Amino acid sequence: MNFESLAKPSVLTQPVYEPGKPIEYVARELGIDVHGIIKLASNENPFGPSPRALAAAKLALEDGELYPDGGCFELRQKLAARHGLGAEQFVVGNGSNEIIELLGHAFVGAGDEVVMGAPAFVVYKLVTLLFGAKAVEVPLLNWRHDLPAIAAAITPRTKLVYVCTPNNPTGTANTEAELLAFVRALPVHVIAVIDEAYAEYVENPPDLRPLIREGRKVVCLRTFSKIYGLASLRIGYGYGSAELAALLNRVRQPFNVNAIAQAAAIAALDDHEFAASCAAANRHGLHQLEQGCMKHGWHFVPSVANFMLIEVGDGMRVFAALQHHGIIVRPVKSYGLPGWIRVTVGTAEQNERLLRELHTVLRAP
Ligand SMILES: *Cc1c(COP(=O)(O)O)cnc(C)c1O
């Protein structure tokens, strides 16, 4: 009897997440120096972590022998003040990915359905399948979440409905009015999960707190991985009703978020200057990439996030070819977009280099 025959059937059919390729892998494979490689594959912050967060993380490391505060008390206080909500309305996770998993633990089982846009962040589907439920995928319309079609896909078996805005991998967003109307019209047995991983890059992002105050079944997800530059530390959070947060807190590991990440996140929230400068640089970067695409006649999807889809013909070929030029981008074939790549907005210099090398690669057969 082998291990596989002992595993739960769902494990054997579980698809595997394909992360952006780490710089070290490409360096090893191609025998090139890590310093010559730029990674524009995972929507990480090209300006690194917030400097305040970095200082706080280093300090926290000195108390590394102590277990962290499993309740993330100080961080939740800070988040409560930031969002004008109560600290008991927050749940902190090992990345917002963990909150997606906690939602599965708390609400999703065999026979249930989870509705989501397609293509959207693939983790919604992976976690749905992991819990033995059915992923109901609703195609985007003009690259945006088709909220009426998503609403129409809801059945008595639906437990969760995911809306990612701005959406990964398209960078497109739904409006506040659309989102408010959508959640208000949901049947009472369905929980809306609004993934706001890129909200800080958006000027005037939708304010969904009225839904929480009205007692609607909604939870919003945020992360420190993107604009705060802390992807490596794994910290994100959800906010919604206190009742929902209590349920999610019940199903998490006692020490799911380490103390270094907590200290860094607390400090990052105070680093308004850093977040503002990253958002401004990102807007310039988006403009730079759009101008480059237009100059070369490449199709792209206008984005409000820190990444952009560009049509390149054969996405896998271009992904592989760009690596030889020291640039890692994300092929999006697994998202059903074989003709496209997704590129993270880098520094001005990195964007320039990407446009130049992409031009070279697209000219070569
Ligand atoms: C990057 C990203 C996240 C963040 O995940 P973490 O686990 O917090 O690093 C969440 N949702 C979407 C759509 C993302 O693109």
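I began with K226: one of its polar side-chain atoms lies 3.3 Å from an oxygen atom of the ligand. I kept in mind that this is a predicted model.

Next I looked at how much of the ligand is covered. On its own the ligand has 390 Å² of accessible area, and the protein covers 94% of that.

I then went through other side chains that face ligand oxygens. For T223, a polar side-chain atom is 2.5 Å from an oxygen atom of the ligand. For N168, the distance from a side-chain N or O atom to a ligand oxygen is 2.8 Å. With polar contacts cut off at 3.5 Å, I noted the K226 value of 3.3 Å as within the limit.

I listed the surroundings. The ligand has 14 residues around it. Those that come nearest are N97, Y198, T223, S225 and K226. I sorted the shell by type and got five nonpolar, six polar and three charged residues.

Which pocket does the ligand take? I found that its space is the largest pocket.

I turned to the aromatic rings. I logged 10 aromatic pairs. I picked out F90 and Y237, whose ring centres are 5.9 Å apart with 45 degrees between the planes. I filed this pair as tilted, since stacked needs under 30 degrees and edge-to-face over 60.

What does the F90 and Y237 pair tie together? I traced F90 to strand β2, residues 90–93, and Y237 to strand β8, residues 236–240. The pair therefore links parts that are 147 residues apart in sequence.

Conventions:
Residues numbered from 1 in each chain as written. Predicted model: local features only at pLDDT ≥ 70, side-chain atom pairs only at ≥ 80, totals over all residues. Heavy atoms only, no water. Near = heavy atom within 4 Å. Polar contact = N/O pair within 3.5 Å; in protein donor to acceptor, adjacent residues only side chain to side chain. Areas by Shrake-Rupley, 256 points an atom, 1.4 Å probe, with all protein chains shown as cover. 1 Å grid on protein atoms, 1.4 Å probe; cavity = no way out; pocket = protein on both sides within 12 Å on 5 of 7 lines; lining within 4 Å. Sits in = over half its atoms within 2 Å of the grid points. Nonpolar A, V, L, I, M, F, W, Y, C, P; charged D, E, K, R; others polar. Phe/Tyr/Trp six-rings, centres within 6.5 Å; stacked < 30°, edge-to-face > 60°. Helix = DSSP H or I, 4+ residues; strand = E, 2+ residues; numbered from the N terminus.
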